[in-house]
Amino acid sequence: SSEGTVYTLPANVSRIEEYAFYGDGELREIRIPEGVTEIGDYAFANCWYLTEITIPESVTKIGAHAFDSCVSLKTVQLSDNITEMGESAFYRCLSLTEITLQEGLRTIGCHVFESTGLTALKLPESLEEVGHGAFLSNEKLQEVTFPKNLRVIPIDMFYGCSELEKVVLPEKLERLEASAFAFCEALTEI
């Protein structure tokens with residue numbers, strides 16, 4: 001239909017498998033029940049018309065490329081219990097302008113939020129590891145706050161974030177890797 005499809009998954013689903021809704025051209029909204037613990041790799045990738053998703057508290061892991069190229073995705077409510085986001089999980093979610101990363105999140109994979117519409121970012125204090133290029137090419141991103149215990153800012157983390165103006169570095173930073181802030185022409189405050 002022109003209004004698209006809203007899917008409500010059955011209550012007995014415990015995992016959304018790899019490629020479950022890959023490229024679904026009708027999907028606009030998905031309702032995931034409590035009890036689902038993991039969203040598999042590429043589960044919703046290329047669902048171009050998906051606009052919103054609420055991830056229940058039972059989910060602890062979002063797989064690699066799970067929402068890759070969901071270019072219309074505007075609203076994501078994350079579970080407070082997510083500890084891991086796989087590589088490129090929200091890559092090219094161009095309409096995603098804000099997201100709250102909850103305490104408890106320990107690992108963000110490579111390129112997780114590359115090329116989104118994010119404008120500001122506060123990384124949770126629980127964050128221990130960030131993959132390279134995690135926020136690469138977020139041209140609208142203006143401000144970032146790091147957790148105080150993050151020790152490494154990896155290669156290309158904010159490469160090409162041309163509107164990034166302000167960064168609050170972690171207190172315990174030990175290593176700032178190559179090109180972490182390359183082509184951040186607007187950066188005026190660290």
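These legends walk through close-up views of a predicted model.

**View 1. Four strands side by side in an open, parallel sheet.**
Welcome to the four-stranded sheet, where the strand order is S1-S3-S5-S7 and the pairing is parallel. Its edges are strand S1 (5–8) and strand S7 (75–77), each of which pairs on one side only. From one strand to the next, the twist averages 10°. As a reminder for anyone tracing the backbone here, strands of a sheet pair through backbone hydrogen bonds, either parallel or antiparallel.

**View 2. Strand S3 and its partners in the sheet.**
How many of the five residues of strand S3 (residues 27–31) are buried? Four of them are, so S3 is largely enclosed by the rest of the structure. S3 pairs with S1 in the parallel sense over four bridges, and Thr5 has Leu27 in S3 as its bridge partner. S3 also pairs with S5, again in the parallel sense, over three bridges. In that pairing, follow Ile30 across to its bridge partner in S5, Ile53.

**View 3. Strand S5 meets the edge strand S7.**
Here strand S5 (residues 52–54) pairs with S7 in the parallel sense, over three bridges. If you would like a pair of residues to centre on, take Glu52, whose bridge partner in S7 is Thr75. S7 pairs on one side only. Thr75 turns up again in the lining of the largest pocket, which is the subject of the next view.

**View 4. The largest pocket, with about 180 Å³ of space.**
Which residues line the largest pocket? They are Thr54, Ile55, Glu57, Lys74, Thr75, Val76, Gln77, Leu78, Glu98, Ile99, Thr100 and Gln102. S7 gives the most to this lining, with three residues. Sorted by class, the lining has four nonpolar, five polar and three charged residues. The space in this pocket comes to about 180 Å³.

**View 5. The largest cavity, lined without charged residues.**
A count of cavities of 30 Å³ or more comes to one, and the largest cavity has a volume of about 30 Å³. Lining the largest cavity are Leu78, Ser79, Ile82, Met85, Leu101, Gln102 and Leu105. By class, that makes five nonpolar and two polar residues, with no charged ones. Leu78 and Gln102 may look familiar, since both line the largest cavity and also line the largest pocket.

**View 6. A salt bridge between Lys61 and Glu38.**
The side chains of Lys61 and Glu38 meet in a salt bridge, with N and O at 4.0 Å. Lys61 lies in strand S6 (residues 61–62) and Glu38 in strand S4 (residues 38–39), so the pair ties together parts that are 23 residues apart in sequence. Lys61 itself is partly exposed, with a relative accessible area of 27%.

**View 7. Two more salt bridges, Glu29 with Arg31 and Glu177 with Arg175.**
A search of the whole structure finds seven salt bridges. In the pair formed by Glu29 and Arg31, the closest N and O atoms are 3.4 Å apart. Is Arg31 buried or partly exposed? Arg31 is partly exposed, with a relative accessible area of 44%. For Glu177 and Arg175, the N to O distance is 2.8 Å. Glu177 counts as partly exposed at 22% relative accessibility, and Arg175 is partly exposed too, with a relative accessible area of 45%. Elsewhere, salt bridges that share partners join Arg15, Glu17, Glu18, Glu38 and Lys61 into one network.

**View 8. Three strands in a second open, parallel sheet.**
In this sheet the order is S10-S12-S14, and the pairing is parallel. Strand S10 (120–122) and strand S14 (166–168) are the edge strands, each pairing on one side only. Neighbouring strands are turned by 0° against each other on average, direction ignored. S10 pairs with strand S12 (residues 143–145) in the parallel sense over three bridges.

**View 9. Lys122, an exposed residue of strand S10.**
Lys122 has its place in strand S10, and its bridge partner in S12 is Thr145. Lys122 is exposed, with a relative accessible area of 52%. How far apart are the C-alpha atoms of Lys122 and Leu169? They are separated by 11 Å, while the two residues are 47 residues apart along the chain.

Technical notes. Residues are numbered from 1 along each chain as its sequence is written. This is a predicted model: local features need pLDDT of at least 70, side-chain atom pairs count only at pLDDT 80 or more; totals for chains, interfaces and linings use all residues. Side-chain values use heavy atoms; hydrogens and water are left out. Buried means under 20% relative accessible area, exposed over 50%, partly exposed in between (1.4 Å probe, protein chains only). Helices (H or I, at least four residues) and strands (E, at least two) are DSSP runs, numbered from the N terminus. Two strands pair if DSSP finds at least two bridges between them. Axes are lines fitted to C-alpha atoms, for helices over the stretch in contact, and angles run from 0 to 180 degrees between N-to-C directions. On a 1 Å grid over the protein atoms alone, a cavity is a set of points where a 1.4 Å probe fits but cannot get out, and a pocket is an open set with protein on both sides within 12 Å along at least five of seven lines; lining residues have an atom within 4 Å of a point. Grid points are joined across faces, edges and corners, and a volume is the space filled by probe spheres set on the points. Ala, Val, Leu, Ile, Met, Phe, Trp, Tyr, Cys and Pro count as nonpolar, Asp, Glu, Lys and Arg as charged, and the others, Gly among them, as polar.
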